[in-house]
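This briefing concerns the protein chain shown below. Please inspect the sequence and the structure together before reading the points that follow.

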Amino acid sequence: ALINVIGNKDLTWEKTYTTSIGLDAALFNNRLRFTFDFYSKDTDNILYNVPVTGLTGVTSVYRNIGKMKNTGYEISLGGDIISTKDWFWNVELNIGHNSNKLKDLYKQKDTDGSYVVKPVIISDGSSIAGTAQRILEIGYPVDTYYLKEWAGVNPENGAPMWYKDTKDSEGNVPGRDTTSNYAEAGYYKCGSAAPDLFGGFSTTLTWKGFDLNAVFGYSIGGKIYNYSRQEYDSDGTYTDRNQMKLKDGWNRWEKPGDIATHPVAKYNNQDKGNSASSRYLEDSDYLKLRSLTLGYNFKLPQWGIQNLRVFMNAENLFTITDYSGVDPEIPASDGSVMGTAGPAVYPSVRKYMFGLNLTF
């Protein structure tokens, strides 16, 4: 029998207050359509599994940790560009944006015995060893990455480098320097996981009996931590597995003076270059063609058939992204990197389907 969860008698419900305003408009006999929605959502008594000392028998406990504010908008714009007897062309676009900010945080016991509000370091929820941690701090988004910041490769010896604060005689921090000692590197806020804009767009084109429909999805802004790279782009740290092929534009340090994106590769490398840092933090921007459908409609009244539609549909035909992992939409989880402790991460399956619809 093991203790799994410690009770908290002070735990209470979260409370959320939402205010929203919207506008719907249709012009030119509904040829042009517009929708705008704005919302503001305030959440109090946020529930969170807060890390605690393992001396209690567990490593975390649920608490009401503070207040958070979400604001955002959604815009939809659609129009029938061509609408005649034989031709019809329609385009639909939607844009979404959400931003959040921590407004208050619970107090913690300080070294002098007083209770003060201090930032809380949390994981990114992936349950992976060496997780990319995040920070809960008033005034910042709750999904802000808090990592040692990658400073590149030392051109003289090929060693990995990170940033560290420089301090003057009075303890102030006037600037930053670089170090190849991972333990000396400082922690910095390295961006947010949340995208700036997200949504999709679609278009439908018909000509006589033919119809064509395409649906796209996109995301702009935001960061994603590539755990697979930390495992396979490790400069030779692991001797029992292969290393990934470098992308176009990446290069490995080989000799003094090389300006490289990757440190020197060594067998059983102990330079800590693959330790958690912003080295593996990448942009999560993408554009996806989610579905493409082409069909043709036959009119067969002589056979008692109002309409016979034959169509071909394809899903997940392509993704345009600079992310070097499997899929920027698929988050990492425990076992997804090696595929040994759980299900591996697989890309979105490309599907093709042929079919027909009968209307009597």
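The notes below cover the model, the overall form of the chain, its main sheet and one residue in a loop.

The structure is a predicted model, in which local features need pLDDT of at least 70 and side-chain atom pairs count only at pLDDT 80 or more, while totals for chains, interfaces and linings use all residues. Residues are numbered from 1 along each chain as its sequence is written, and side-chain values use heavy atoms, with hydrogens and water left out.

**Confidence**

- The chain has a mean pLDDT of 90, and 94% of its residues reach 70 or more; pLDDT is the predictor's confidence in each residue, from 0 to 100.
- Over residues 338-343, pLDDT stays under 50, and the model has 10 contacts beyond four places in sequence for them; a contact means heavy atoms within 4.5 Å.

**Overall form**

- The chain holds 1 helix and 22 strands, taken as DSSP runs numbered from the N terminus (helices H or I, at least four residues; strands E, at least two).
- Because its radius of gyration is 27 Å, well over the 21 Å that the globule rule gives for 360 residues, the chain is more spread out than a compact globule. The radius is taken over C-alpha atoms, and the rule is 2.2 Å times the number of residues to the power 0.38.
- Along the principal axes, the C-alpha atoms fill a box of roughly 90 × 55 × 50 Å.
- Of the contacts with a separation of 6 or more, 61% are between residues 24 or more positions apart.
- Buried residues (under 20% relative accessible area, 1.4 Å probe, protein chains only) make up 32% of the 360 residues.
- About 21600 Å² of the chain is exposed, with carbon and sulfur atoms supplying 55% of it; these areas come from the Shrake-Rupley method with a 1.4 Å probe.

**The nine-stranded sheet**

- An open sheet of 9 strands follows the order β1-β2-β5-β6-β16-β17-β20-β21-β22, with antiparallel pairing; two strands pair if DSSP finds at least two bridges between them.
- β1 (15-27) and β22 (351-359) stand at the edges with a single partner strand each, so one side of each lacks a neighbour in the sheet.
- Strand β2 (residues 32-44) runs antiparallel to strand β5 (residues 66-83), and 12 bridges join them.
- Thr43 stands opposite Met68 in β5.

**A loop residue: Ser278**

- Ser278 lies in the loop between α1 (227-232) and β19 (281-283).
- Ser278 is buried, with a relative accessible area of 16%.
- Leaving aside residues up to four places away in sequence, Ser278 touches Leu147, Lys148, Glu149, Trp150 and Cys190.

Notes. Buried means under 20% relative accessible area, exposed over 50%, partly exposed in between (1.4 Å probe, protein chains only).
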